[in-house]
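Open your viewer, get comfortable with rotating and selecting, and follow along. At each stop you will be told what to pick and what you can find there.

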Amino acid sequence: MVLHTLNQAPANAACMASALNTITSEDTLLLIEDGVYWTLPAFASQLANLTGRLVALEADLKARDLKADAVESVDDAGFVALCVSHDKVVSWF
Amino acid sequence: MSTEGILVMTRSAPYGSSAARDALDVALTCSVFEQPVTLLFLDDGVFQLLKGQSPSVIGQKNLNAVQQSLPLYDIKRLCVSTSSLEQRGLRQDELILPVELVDDAALPALLAQHRHVLSI
Amino acid sequence: MIFSIVVQAPPVQTQGAETALRFARAVLAAGHSIHRIFFYRDGVHNGSALTCTPQDEFNIPQQWQELAQQHKLDLVVCIAAAVRRGVINEQEAVRYKQDQWNLRDSFELSGLGQLVEACIQSDRVVTFGARS
């Protein structure tokens with residue numbers, strides 16, 4: 001079980017594509033910083049291949065006026081808890 | 001699954017940034033500290049391995065020299081993404097070193113085999 | 001659980017350093033320990049003592065220093081990356097014949113071996129990067 005963090009906006013689609021290549025159904029993808037723009041419905045089709053769980057960092061959503069009702073969000077404590085509940089953390093940037 | 005060592009994942013082309021050199025330095029240091037280390041070249045990172053680079057014309061040191069020393073440092077696994085090569089029209093024989101080709105389906109297992117993954 | 005944090009993101013230009021700082025606070029608040037925070041690549045600028053920030057903005061290097069003092073954290077700046085970028089302490093200033101130095105208190109310069117050692121000692125290693 002791997003926690004993947006991704007901080008790149010949708011303009012950097014290659015970063016997301018590579019992350020998606022390595023993410024399994026047991027993994028979690030945590031969107032942070034500009035990565036939270038991926039929660040917009042406009043990008044849903046590009047995330048259709050995501051087999052794992054999708055989570056976005058609450059502070060980054062709020063900072064950017066993103067509602068992302070359809071996506072699970074975690075606060076900073078939740079970020080830490082995800083690190084604990086997964087075996088390792090892989091950062092995509 | 002047993003997990004040991006460090007996977008250094010590098011996704012940037014050489015010379016345009018210091019990422020390639022910085023990733024190599026981490027891998028070499030792992031080796032000095034006798035930590036099993038694997039280098040994974042992904043995306044534009046595969047450009048790092050092209051042979052015949054001449055970066056002296058842009059005032060930089062040639063990475064090829066350091067790369068050729070990797071086997072001496074007992075860095076056994078140099079993994080290259082097959083799809084990253086293909087997307088860029090590159091062939092394995094254009095690379096400076098013998099590498100282990102990894103297709104996309106094998107990437108999750110590669111991550112799983114290591115205790116930590118360092119992205120650079 | 002034992003964490004180490006790798007900061008490759010510089011303050012100001014990217015958000016990564018601030019994210020790492022918030023993460024570090026959250027790790028400590030959850031009762032975990034931080035073995036080391038290792039600053040690499042442009043992340044070494046987090047160790048500058050000379051960052052001058054407008055009063056209504058956060059001074060990230062100063063916040064690292066305060067967090068380190070509160071929790072006795074080991075803040076290690078990669079020496080090879082730092083001296084190239086002009087982040088040096090008194091000892092390196094002497095070595096390189098410079099008459100000034102700027103490494104912030106609570107930070108120390110050391111080698112990449114400290115990153116590898118952090119990986120060996122830590123249950124989780126979390127990297128905060130910036131694209132470049």
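Before the first stop, one term: contact here means heavy atoms within 4.5 Å. Keep in mind too that this is a predicted model.

**Stop 1: a helix in chain B**

Select residues 19–32 of chain B, which form helix 1. How far apart are its end C-alpha atoms? They lie 20 Å apart, and this agrees with the expected span of 20 Å for 14 residues at 1.5 Å a residue.

Now show the surroundings. Helix 1 of chain B is largely enclosed by the rest of the structure, because 12 of its 14 residues are buried. For that count, buried means under 20% relative accessible area. Among the buried residues you can click on Ala19(B), Asp22(B), Leu24(B), Val26(B), Leu28(B) and Cys30(B).

What do the buried residues of helix 1 of chain B pack against? Within chain B, colour strand 1 (6–10), strand 2 (37–41), helix 2 (63–69) and strand 5 (116–119). Then add helix 5 (113–121) of chain C, which also packs against these residues.

Before leaving, step just past the end of helix 1 of chain B to Glu34(B), where phi is positive, at about 55 degrees.

**Stop 2: paired strands in chain C**

Next, select residues 2–7 of chain C, which make up strand 1. Five of the six residues in this strand are buried, leaving it mostly covered. Add strand 2 (residues 33–39) of chain C: the two strands run parallel and are joined by six bridges. To see one pair, pick Val7(C) and its bridge partner Phe39(C). Between these strands, the chain passes through helix 1 (residues 16–29) of chain C, in a right-handed β-α-β crossover.

Strand 1 of chain C has another parallel neighbour to show, strand 5 (residues 124–128) of chain C, with five bridges joining them. Here, look for Val6(C), which stands opposite Thr127(C).

**Stop 3: paired strands in chain A**

Move over to chain A and select strand 2, residues 28–31. In a regular strand, side chains alternate between the two faces of the sheet. Which residues cover each side of strand 2 of chain A? Thr28(A) and Leu30(A) are on one side, Leu29(A) and Leu31(A) are on the other, and all are buried.

Add strand 1 (residues 2–6) of chain A, which pairs with strand 2 of chain A in the parallel sense over four bridges. One pair to click is Leu6(A) with Leu31(A). Bring in helix 1 (residues 13–22) of chain A as well, and you have a right-handed β-α-β unit made of strand 1, this helix and strand 2.

Then show strand 3 (residues 53–57) of chain A, another parallel partner of strand 2, again with four bridges. Thr28(A) has Arg53(A) as its bridge partner there.

**Stop 4: where chain A meets chain C**

Display chains A and C together. Their contact takes 22 residues from chain A and 21 residues from chain C. About 1,600 Å² is buried between them, and carbon and sulfur atoms give 58% of that area. On the chain A side, select Glu33(A), Val80(A) and Phe93(A): they lose the most area to chain C, together 34% of what that side buries.

How many salt bridges are counted between chain A and chain C? The count is one. To find a salt bridge, show the side chains of Arg22(C) and Asp76(A), which meet at 2.9 Å, N to O.

**Stop 5: where chain B meets chain A**

Switch to chains B and A. Here, 16 residues of chain B and 13 residues of chain A take part in the contact. The two chains bury about 1,100 Å² between them, with 58% of it on carbon and sulfur atoms. Highlight Arg11(B), Leu111(B) and Ser119(B), which supply 39% of the area that chain B buries against chain A, more than any other three residues. The count of salt bridges between chain B and chain A is zero.

**Stop 6: two loop residues**

Finish with Asp65(A), in the loop between helix 2 (58–63) and strand 4 (72–74) of chain A. Its phi is near 60 degrees, a positive value in a residue other than glycine. Asp65(A) is exposed, with a relative accessible area of 57%.

Then jump to Lys97(C), in the loop between helix 4 (90–95) and strand 4 (107–110) of chain C. Here, too, phi is positive, near 55 degrees. Is Lys97(C) buried or exposed? Its relative accessibility is 73%, so Lys97(C) counts as exposed.

Definitions and conventions
Residues are numbered from 1 along each chain as its sequence is written. Chains are lettered from A and ligands numbered from 1 in the order in which they are written. This is a predicted model: local features need pLDDT of at least 70, side-chain atom pairs count only at pLDDT 80 or more; totals for chains, interfaces and linings use all residues. Side-chain values use heavy atoms; hydrogens and water are left out. The expected span of a helix is 1.5 Å times one less than its number of residues. Buried means under 20% relative accessible area, exposed over 50%, partly exposed in between (1.4 Å probe, protein chains only). Two strands pair if DSSP finds at least two bridges between them. A crossover is right-handed if, with the strands pointing away from the viewer, the path from the first strand over the helix to the second runs clockwise. Buried area is the accessible area (1.4 Å probe) that two parts lose on being put together, summed over both. A salt bridge is a side-chain nitrogen of Lys or Arg within 4 Å of a carboxyl oxygen of Asp or Glu.
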